[in-house]
Amino acid sequence: MTTHDIVERLSSKFSTDAILVVNEKTAQPIIQIPANLLLDICQFLHEDELLYFDFMACLTGIDNGPEKGSMEVIYHLTSIPYQRNLILKVILPRQIDGQPPSIPSLSSIWKTADWHERETFDLIGIRFENHPDLRRILLPKDWEGHPLQKDYQEQDSYHGIKVKY
């Protein structure tokens, strides 16, 4: 099954032309999908007999900065039985009504999403709706801000420990 076959299958299932092939010439083709369809599309990719993406290998959050006003969440999926890889890309506004962006959690589909989503929340600030335990995983719970945001301002100190030199 080619990338175009997957996109066509998704587009017909979800009655949309918003599913785009970003890059199909890589070993892992990239498909951009709308955030509002993320959970449904991923459920379909996991359950469909012809696709069966049974493993989420990685999730990456990207802050494109205040100038671009967007963030991205990139999902690396694998179908082990079909030996097929796929990358899903979701673009989010950097803020919505002054709040950080939010996207549905995929931890109900792939258990590996749990800690990947926590790391992305911790370092970038993207919230994952209906996550079973969305809290910081790398930084202390009272840490200020999200250090991988492009406009992050380091604290001078943390509990009396000099942080910024």
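## Overall make-up

The secondary structure of this protein, seen here in a predicted model, comes to 4 helices and 9 strands. Read from the N terminus, the elements follow the order α-β-β-α-β-α-β-β-β-α-β-β-β. The C-alpha trace spans about 55 × 30 × 30 Å along its principal axes.

Of the 165 residues, 44% count as buried. The accessible surface comes to about 9,300 Å², and 50% of that belongs to carbon and sulfur atoms. If you look at contacts with a separation of 6 or more, residues 24 or more positions apart account for 49% of them.

## What the record adds

UniProt, in an unreviewed entry, lists residues 32-155 for "domain: NADH:ubiquinone oxidoreductase 30kDa subunit". In the model, the chain over residues 32-155 is 21% helix and 29% strand. The C-alpha atoms at the two ends of that stretch are 35 Å apart.

## The five-stranded sheet

A good place to start looking is the open sheet of 5 strands, with the order β1-β2-β5-β4-β3 and mixed pairing. Strands β1 (20-23) and β3 (55-63) each have a single partner strand, so they stand at the edges and one side of each is left without a neighbour in the sheet. On average, neighbouring strands of this sheet are turned by 25 degrees against each other, direction ignored.

As a reminder, strands of a sheet pair through backbone hydrogen bonds, either parallel or antiparallel. The parallel sense is found between β2 (residues 30-32) and β5 (residues 84-93), which are joined by 3 bridges. Within that pair, Gln 32 stands opposite Lys 89 of β5. The antiparallel sense is found between β3 and β4, with 8 bridges, and between β4 and β5, with 10 bridges.

## Strand β4 and Thr 78

Strand β4 (70-79) is mostly covered, with 9 of its 10 residues buried. β4 and β5 form a hairpin that has 4 residues between the strands. In that turn, Gln 83 has a positive phi of about 50 degrees.

Thr 78 lies in strand β4 and is a handy residue for tracing the pairing. On one strand, Phe 55 has Thr 78 as its bridge partner; on another, Asn 85 of β5 stands opposite Thr 78. Thr 78 has 16% relative accessibility, and because the cut-off for buried is under 20%, Thr 78 counts as buried. Leaving aside neighbours within four places in sequence, Thr 78 is in contact with Phe 53, Asp 54, Phe 55, Arg 84 and Asn 85.

## The β1 edge and Val 21

At the β1 edge of the sheet, have a look at Val 21, which sits in strand β1. Its relative accessibility is 29%, so Val 21 counts as partly exposed. Not counting residues up to four places away in sequence, Val 21 touches Thr 3, His 4, Val 7 and Ile 30. Val 21 and Leu 88 are 67 residues apart in sequence, while their C-alpha atoms are 9.6 Å apart in space.

## Helices on the sheet

Two helices can be followed against the strands, starting from the parallel pair of β2 and β5. Helix α2 (residues 38-47) packs on the sheet, where it touches β4 and β5, and its direction makes about 175 degrees with that of β5. Helix α4 (residues 113-124) also packs on the sheet, touching β3 and β4, and the direction of α4 makes about 10 degrees with that of β3.

## A closer look at α4

Helix α4 has 12 residues, which at 1.5 Å a residue should span 16 Å; the end C-alpha atoms of α4 are 16 Å apart, so the two values agree. Just after α4, Gly 125 takes a positive phi of about 100 degrees.

Helix α4 is mostly covered, with 9 of its 12 residues buried. The buried residues are Ala 113, Asp 114, Glu 117, Arg 118, Thr 120, Phe 121, Asp 122, Leu 123 and Ile 124. Their cover includes the sheet strands β3 and β4, along with β6 (102-104) and β7 (127-129).

Methods. Residues are numbered from 1 along each chain as its sequence is written. This is a predicted model: local features need pLDDT of at least 70, side-chain atom pairs count only at pLDDT 80 or more; totals for chains, interfaces and linings use all residues. Side-chain values use heavy atoms; hydrogens and water are left out. Two strands pair if DSSP finds at least two bridges between them. Axes are lines fitted to C-alpha atoms, for helices over the stretch in contact, and angles run from 0 to 180 degrees between N-to-C directions. Contact means heavy atoms within 4.5 Å. The expected span of a helix is 1.5 Å times one less than its number of residues. Buried means under 20% relative accessible area, exposed over 50%, partly exposed in between (1.4 Å probe, protein chains only). Accessible areas come from the Shrake-Rupley method with a 1.4 Å probe; for residues, only the protein chains shown count as cover. UniProt positions are given in the numbering used here, feature names are shortened, and annotations may be inferred rather than shown by experiment.
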